[in-house]
Amino acid sequence: MLIGEQDLPLLVLQYVDRINRPLVLDDISLDVRFNQDPYVIAQQPKSVLCFPILRNKVRIGLLYFENNLASGAFTGDRLELLKILAAQIAVSIENARLYQQAQSTIQQLQDAQLQVVQAEKMSALGNLVAGIAHEINNPIGFLANNLKPAKSYIQDIITLLELYQDEYPNPTEAIRAEIEEIDLNFVQEDLLKLLSSMQIGIDRIRNISIGLRTFSRADKDHKVSFNLHEGIDSTILILKHRLKADGERPAVQVISDYGPLPLIDCFPGQINQVFMNLLANAIDALDEQNQGRSLSDIRQHPSQITITTAVVNKHQVQIQIADNGVGMPPEVQAHIFDHLFTTKPVGKGTGLGLAIAYQIIVEKHGGTITVASIPKQGTTFTVQLPIAESLPSLIESKNT
């Protein structure tokens, strides 16, 4: 509520604030300095007492008293009593300020601890993933480098066999029997197909390795340009083991509806951490939804995670991660980003993931993160991130 001129005797308060000494008026209406104050005119007080509240000679407030019935109500002994009271008030105000400062410091320490714990976890995971990617690269590079000449050698041998067949059309009985035994025509045709499938497998493993390196990239002390689609895909790769089918349920369907996005200036490691938390929570919600459901029921109503990206305007891009899991009631949604808030059983959740995701998106990147959920229908997290002033061309990404 706004305070107007008639709510406080502003002339009196300003005067005491300026002289920094007590002011006692037996009848304020007789004092030309203050009797035109809008408050005095409206309320018509008689006796007035106003003095500063001091703490270590520093003014921290003002006390104001008035008596509307009698003149000369504030005597010397009352003034001394009020000075003692003001001293106690000053101590209380200072203690309250110190308490508030301590609470703020504690919260800052908790937030810092929160970030350190999660940063260490993500760093350890990143180092592990980077190490795996490095170990994969060596044998894959060896296979890739040798497969191409091997394919050429085999093609030469097949060509030589065909030449033999042309030059010596009548093989001996032993050679004829062996050709029939190994089905030479099929071997010649299938061998090249096998080599081609090996090349596809090598390319697939190489892409996995690239995804692992994308996920594990360490943040610098400044933001860098980052392809959000690569970050999402690499996170899905890390969580692939939780998405696969098992004896109790089919595989979780991941639908990627990617629109063209520009590169975003960000801390990629932190953004990947957000994707990790949101996708892991979506999988948890689907697992909870599937508890007690039969395999046939799950197949009829499959578990799905839908990831949608788009440019919403010239200033922002948007990433939505939606699941058709258990959903959340409004009272849970209201606290979902609170520090240490969790609905998971003891040992299953710490209440840190979404709180850190909020800090990363809102405080570190100037974006927004919101949640919309309907119990028993699913949850959608929406992340919006700012686009840098100078943009590269949009990056097209195929839908999967």
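A residue counts as exposed when its relative accessible area is over 50% and as buried when that area is under 20%. K376 has a relative accessibility of 70%, so this residue is exposed. The model discussed here is predicted. This briefing treats the strand pairings, the residue S373, the nonpolar cores, the cysteines and two residues with positive phi.

**The hairpin of β9 and β10**

- Strand β9 covers residues 368-374, and strand β10 covers residues 378-386.
- The two strands run antiparallel to each other and are joined by 7 bridges.
- One of the paired positions is T368, whose bridge partner in β10 is Q384.
- In a regular strand, side chains alternate between the two faces of the sheet.
- β9 shows such an alternation: the side chains of I369, V371 and S373 point to one face and are buried.
- The side chains of T368, T370, A372 and I374 point to the other face of β9 and are not buried.
- The hairpin has 3 residues between its strands, and K376 is located in this loop between β9 and β10.

**S373 and its surroundings**

- S373 belongs to strand β9 and has a relative accessibility of 13%, which is under the 20% limit, so S373 counts as buried.
- A polar atom of the S373 side chain lies 3.0 Å from the backbone oxygen of G378.
- When residues up to four places away in sequence are set aside, S373 touches G327, M328, Q333, G378 and T379.

**Pairing of β5, β7 and β8**

- Strands of a sheet pair through backbone hydrogen bonds, in either a parallel or an antiparallel manner.
- Strand β5 (residues 253-258) pairs with β7 in the parallel sense, over 6 bridges.
- Within this pairing, I255 has T306 of β7 as its bridge partner.
- β7 also pairs with β8, here in the antiparallel sense and over 8 bridges.
- V311 stands opposite V317 of β8.
- A hairpin is formed by β7 and β8, with 2 residues between the strands.

**The open sheet of β1, β2 and β3**

- An open sheet is built from 3 strands in the order β1-β2-β3, with antiparallel pairing.
- The edges are occupied by β1 (23-25) and β3 (58-67); each has a single partner strand, so one side of each lacks a neighbour in the sheet.
- Ignoring direction, neighbouring strands of this sheet are turned by 15° against each other on average.
- Strand β2 (residues 47-55) is connected to β3 by 9 bridges, and the two strands run antiparallel.
- F51 stands opposite L63, a residue of β3.

**Nonpolar cores**

- In soluble globular proteins, nonpolar side chains tend to be buried together.
- The largest nonpolar core comprises 41 residues, and the members that touch the most others are L228, L278, I305, I307, I319, I321 and L385.
- At least two residues of this core come from each of α6 (228-238), β6 (264-266), α8 (268-290), β7 (304-313), β8 (316-323), α11 (353-364), β9 and β10.
- The greatest contribution to this core is made by α8, with 9 residues.
- I321 is in contact with F275, L278, L279, I305, T306, I307, T379, T380 and F381, leaving aside its neighbours within four places in sequence.
- Another core, of 11 residues, lies apart from the largest one and includes L13, Y15, V16 and C50.

**Cysteines**

- A disulfide is a covalent bond between the sulfur atoms of two cysteines.
- The structure contains 0 disulfides.
- C50 has a relative accessible area of 0% and is therefore buried.
- C266 likewise has a relative accessibility of 0%, so this cysteine counts as buried.

**Positive phi at Q44 and K376**

- Q44 is not a glycine, yet has a positive phi of about 50°.
- The position of Q44 is in the loop between α2 (38-43) and β2.
- With 58% relative accessibility, Q44 counts as exposed, because this value is over 50%.
- K376 is not a glycine either, and its phi is positive at about 70°.

Notes
Residues numbered from 1 in each chain as written. Predicted model: local features only at pLDDT ≥ 70, side-chain atom pairs only at ≥ 80, totals over all residues. Heavy atoms only, no water. Helix = DSSP H or I, 4+ residues; strand = E, 2+ residues; numbered from the N terminus. Buried < 20%, exposed > 50% of the residue type's maximum accessible area, 1.4 Å probe, protein only. Polar contact = N/O pair within 3.5 Å; in protein donor to acceptor, adjacent residues only side chain to side chain. Contact = heavy atoms within 4.5 Å. Pairing = 2+ DSSP bridges. Axes fitted to C-alpha atoms, helices over the stretch in contact; angles between N-to-C directions. Core = buried A, V, L, I, M, F, W, Y, C linked by side-chain atoms within 4.5 Å. Disulfide = S-S within 2.5 Å.
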